[in-house]
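Trainee: I should like to work through this structure by question and answer. May we begin with a single side chain and then widen the view?

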Amino acid sequence: MPISSSSAQERKTDRCAEYFQEILEIHKFQEMLRIGAEEITERYNRGELTKEELDTTLTIWHNTESKLQQRVSKIYEVARSEKCFEEKK
């Protein structure tokens with residue numbers, strides 16, 4: 001059974017909305033982690049943490065941030081390939 005033009009457009013819109021939602025969730029998580037890393041740095045500056053604790057925490061943060069950035073980049077790439085960022089004429 002052929003898919004109507006409006007049905008195909010709805011599917012694309014739904015997929016794009018899912019991509020956008022996932023991108024937003026990743027960005028929110030990145031922001032939460034960034035705030036946490038800043039708090040850890042402030043705790044170190046106040047003498048509440050050792051240099052080793054700071055370095056360990058920031059290494060974990062950096063590795064997690066890198067993975068999240070790779071993930072969000074892939075989602076952007078897929079969304080662009082599916083023309084989610086193109087304006088309707």
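Trainee: Is Glu-31 buried, partly exposed or exposed, and what is its relative accessible area?

Mentor: Please bear in mind that this is a predicted model. Buried means under 20% relative accessible area and exposed means over 50%. The value for Glu-31 lies in between, so Glu-31 is partly exposed, with a relative accessible area of 35%.

Trainee: With which residue does the side chain of Glu-31 meet in a salt bridge?

Mentor: Side chains of opposite charge can pair when their charged atoms come close. The partner of Glu-31 is three residues away in helix α1, a separation of about one helical turn. The N to O distance is 2.3 Å. The partner, itself partly exposed at 32% relative accessible area, is Arg-34.

Trainee: How many helices and strands does the chain have?

Mentor: Helix α1 covers residues 5-45 and α2 covers 51-81. The secondary structure of the chain has zero strands, and its helices number two.

Trainee: What distance separates the end C-alpha atoms of α2, and what span should its residues give?

Mentor: Helix α2 has 31 residues, and at 1.5 Å a residue they should span 45 Å. The model agrees with this expectation, for the end C-alpha atoms of α2 are apart by 44 Å.

Trainee: Which residues of α2 are buried?

Mentor: Across the chain of 89 residues, 16% count as buried. A residue in this class has under 20% relative accessible area. In α2 the buried residues are Leu-54, Leu-68, Val-72, Ile-75 and Ala-79.

Trainee: Which residue following α2 has a positive phi?

Mentor: The phi in question is near 60°. The residue that follows α2 with this value is Lys-83.

Trainee: How many residues apart in sequence are the parts that Arg-15 and Glu-82 tie together?

Mentor: The side chains of Arg-15 and Glu-82 meet in a salt bridge, with N to O at 2.7 Å. Arg-15 lies in helix α1 and Glu-82 in the segment after α2, so the pair ties together parts separated in sequence by 67 residues.

Trainee: What is the relative accessible area of Arg-15, and what is that of Glu-82?

Mentor: Both values fall between the limits of 20% and 50%, so each residue counts as partly exposed. For Arg-15 the value is 36%, and for Glu-82 it is 24%.

Trainee: Which residues do salt bridges that share partners join into one network with Arg-43 and Glu-48?

Mentor: Glu-48 forms a salt bridge with Arg-43, the closest N and O atoms being 3.4 Å apart. Glu-48 is partly exposed at 42% relative accessibility, and Arg-43 is partly exposed at 30%. Through shared partners, the network that holds Arg-43 and Glu-48 also takes in Glu-39 and Arg-46.

Trainee: Why is the pair of Phe-20 and Phe-85 described as it is, and at what angle are the planes?

Mentor: A pair of aromatic rings is described by the distance of the centres and the angle of the planes. Here the centres are 5.5 Å apart, and planes neither under 30 degrees nor over 60 make a pair tilted. The pair of Phe-20 and Phe-85 is therefore tilted, with its planes at 50°.

Trainee: Which residue joins Phe-20 and Phe-85 in a cluster of ring pairs?

Mentor: The whole structure holds two aromatic pairs. Phe-20 in helix α1 and Phe-85 in the segment after α2 are 65 residues apart. The cluster linked by ring pairs contains these two residues and Tyr-76.

How values were computed: Residues numbered from 1 in each chain as written. Predicted model: local features only at pLDDT ≥ 70, side-chain atom pairs only at ≥ 80, totals over all residues. Heavy atoms only, no water. Helix = DSSP H or I, 4+ residues; strand = E, 2+ residues; numbered from the N terminus. Buried < 20%, exposed > 50% of the residue type's maximum accessible area, 1.4 Å probe, protein only. Salt bridge = Lys/Arg side-chain N within 4 Å of Asp/Glu carboxyl O. Expected span 1.5 Å × (residues − 1). Phe/Tyr/Trp six-rings, centres within 6.5 Å; stacked < 30°, edge-to-face > 60°.
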